[in-house]
Amino acid sequence: MPRVLAVDPLQPDPAVIAEAAAVLARGGLVAFPTETVYGLGARGLHEGEVAKIFAAKGRPVGHPLILHVDGEPMARTLASSWPEGASRLARAFWPGPVTLVVPRAEVVPHAVTGGLDSVAVRAPKHAVALALISAVGEPLAAPSANAHMHVSPTTAAHVVRSLGDRVDMVLDAGPCAHGIESTVVDVREDPPRVLRAGAASLEALRAVEPRVAYDATALTLASANEAARASPGLAAKHYAPRARVVLVDARTDVARASAEAKASAPARSRVGAIVWSDEARAAMAAARESGAAPDLLVLLPGEAEAYARALFAAFYDADDAKIDVLLVERVPEAPEWWAVADRLRRAAA
Ligand code: TXA
Ligand code: MG
């Protein structure tokens, strides 16, 4: 077990922050909360320390990391130039869940960028993260604090479950506000281009950058080809619980699919279901009466932001319940569901 220190999410105890900063200054790894998900932090300008992140996650070198900063001035020190789009988006969203891909400055180690000539930067909107960056006095490299290909952690307990002793310290400030990762935007060209749908909505981005480009299908297809990918960390198969994830179309099909999965899967396979619609809830209740209920049933809210906040915890619950086949009811195709839809596609890939 790593050391887990409780810390107030709004007014972090300076003594706790100082302890965590000392672990980082000694070259250790500290998992810390952000408004999106928990990050696995190391000092981002120290190649050897960044290498420990890759080892702890089992992440392939070549998958670039985000450098977390305490604001735009620190971010500018990491960029060889600061595009107009970066200024506009940073002003509108920072601190907040938008990550900007900008041209890399020499000071940024190749280990951070996976050899790319760009670097991703973001100022998180979380008092603990900002206090930690300020205490260390330099940017923190931090991917989501989970084992490679696994689910991003939205609580300190998830971090411990996914990484165990591979992290030196975990700051526990309770569940994350968004529960889904930041929106990644490449601002090196005009118009800027979304590389990963995330906690900041497309609508909010377009209010600042009306012509911002986003192509969900291109991202998924491009992910099949390692070399062609714009964002090398975006593996098609990603964000997945241990179970095989099956997206289920029609709302009322969930109960039937559950019964079928149980009947067709190898003996003693455990089936789980994640549903949100009233229809699916009713169907699950009926299935329970007829003895076809799944081994785990998770009911999530029908509103996109609330659903996103709870989804990864549901995946961790499915792991805990040793679910083999996880049926997930498809979500609406409306724009506000973009990040959730993206993560479900990847989990089922
Ligand atoms: O919300 C988040 O972004 C969380 C918290 C901890 O900040 N972090 C996170 O990091 O999700 P990670 O490493 O799990 O995902 C980073 C994403 C990957 O898809 C990666 O490919 C992309 O950012 N990325 C990083 N640097 C990049 C670069 N130079 N060019 C293109 N994409 C980049
Ligand atoms: Mg990740």
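**Close-up 1. The largest nonpolar core and its best-connected members.** Of the 99 residues in the largest nonpolar core of this predicted model, Leu-100, Leu-171 and Tyr-307 touch the most other members. Helix H12 is the top contributor to this core, giving nine residues. Apart from this core lies another one of 15 residues, including Ala-255, Ala-273, Val-325 and Leu-327. As general background, nonpolar side chains in soluble globular proteins tend to be buried together.

**Close-up 2. The surroundings of Leu-100.** Leaving aside residues up to four places away in sequence, Leu-100 touches Trp-82, Ala-86, Leu-89, Ala-90 and Trp-94, and also Val-119, Ala-120, Val-121, Val-185 and Val-187.

**Close-up 3. Helix H7, a mostly covered helix.** Helix H7 spans residues 156-163, and six of its eight residues are buried. Here you can look for Ala-156, His-158, Val-159, Val-160, Ser-162 and Leu-163, the buried residues of H7. They pack against strands S1 (3-6), S2 (30-32), S3 (39-43) and S8 (169-172), as well as helices H2 (47-57) and H12 (304-320). After H7 comes Gly-164, with a positive phi near 50°.

**Close-up 4. Aromatic rings in pairs.** Five aromatic pairs are found in the structure. In one of them, Tyr-214 and Trp-338 meet edge-to-face, 4.8 Å centre to centre with 80° between the planes. This pair links distant parts of the chain, 124 residues apart: Tyr-214 sits in the loop between helices H8 (202-208) and H9 (216-223), while Trp-338 belongs to helix H13 (residues 338-348). Trp-338 has a relative accessible area of 7%, so this residue counts as buried, the cut-off being under 20%.

**Close-up 5. A cluster of rings.** Trp-276, Tyr-307 and Trp-337 are joined into a cluster by ring pairs. You have already met Tyr-307 among the residues that touch the most other members of the largest nonpolar core.

Methods
Residues are numbered from 1 along each chain as its sequence is written. Chains are lettered from A and ligands numbered from 1 in the order in which they are written. This is a predicted model: local features need pLDDT of at least 70, side-chain atom pairs count only at pLDDT 80 or more; totals for chains, interfaces and linings use all residues. Side-chain values use heavy atoms; hydrogens and water are left out. Rings of Phe, Tyr and Trp (its six-membered ring) pair if their centres lie within 6.5 Å; planes under 30 degrees apart count as stacked, over 60 as edge-to-face and the rest as tilted. Helices (H or I, at least four residues) and strands (E, at least two) are DSSP runs, numbered from the N terminus. Buried means under 20% relative accessible area, exposed over 50%, partly exposed in between (1.4 Å probe, protein chains only). Contact means heavy atoms within 4.5 Å. A nonpolar core is a set of buried Ala, Val, Leu, Ile, Met, Phe, Trp, Tyr and Cys residues joined through side-chain atoms within 4.5 Å.
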